[in-house]
Amino acid sequence: MIEELPAQCSAKGCRAGAVWALRWNNPKLHAPDYRKTWLACDQHRESLGGFLEVRGFLREVTPFGAIS
Ligand SMILES: [Zn+2]
């Protein structure tokens, strides 16, 4: 089996492997129990998380364990 693309950080231009999953929801667009997921490397966890948090979208941040 060929591996799928490795999970990468969602930050623009960043190709680092994902370490965190940022789970978020925009109440204007999404059902309350729906979750979008952005992946983030350690470096972008703060900036991506902050972007969502100031908008009130961030629901949870969980470790993303696909990279070993
Ligand atoms: Zn990154």
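**Exercise 1.** Decide whether strand β3 of this predicted model lies largely in the open or not.

*Solution.* Start by locating the strand: β3 covers residues 58–63. Next, count its buried residues, using the cut-off that a buried residue has 20 or more other C-beta atoms within 10 Å of its own. Of the six residues in β3, the number buried is zero, so the strand lies largely in the open. For context, 19% of the 68 residues of the protein chain count as buried.

**Exercise 2.** Classify R59 as buried or exposed, and find what it touches.

*Solution.* First, place the residue: R59 sits in strand β3. Then count neighbours: R59 has 12 C-beta neighbours inside 10 Å. Since a residue is exposed if that count is 12 or fewer, R59 counts as exposed. Now look for its contacts, leaving out residues up to four places away in sequence: R59 touches R23, W24, N25 and R35. Finally, check one of these partners along the chain: N25 is 34 residues apart from R59, yet their C-alpha atoms are separated by 6.9 Å.

**Exercise 3.** Work out how β3 is joined to strand β1, and in which direction the two run.

*Solution.* Begin with β1, which spans residues 20–24. Five bridges join β1 to β3, and the two strands run antiparallel. For a concrete pair, take R23, whose bridge partner in β3 is E60.

**Exercise 4.** Set these strands in the whole protein chain.

*Solution.* Count the elements: the chain has one helix and three strands. Read them along the sequence and the pattern is β-β-α-β. Then turn to contacts with a separation of 6 or more: residues 24 or more positions apart account for 60% of them.

Notes:
Residues are numbered from 1 along each chain as its sequence is written. This is a predicted model: local features need pLDDT of at least 70, side-chain atom pairs count only at pLDDT 80 or more; totals for chains, interfaces and linings use all residues. Helices (H or I, at least four residues) and strands (E, at least two) are DSSP runs, numbered from the N terminus. Two strands pair if DSSP finds at least two bridges between them. Two residues are in contact if their C-beta atoms, placed from the backbone, lie within 7 Å.
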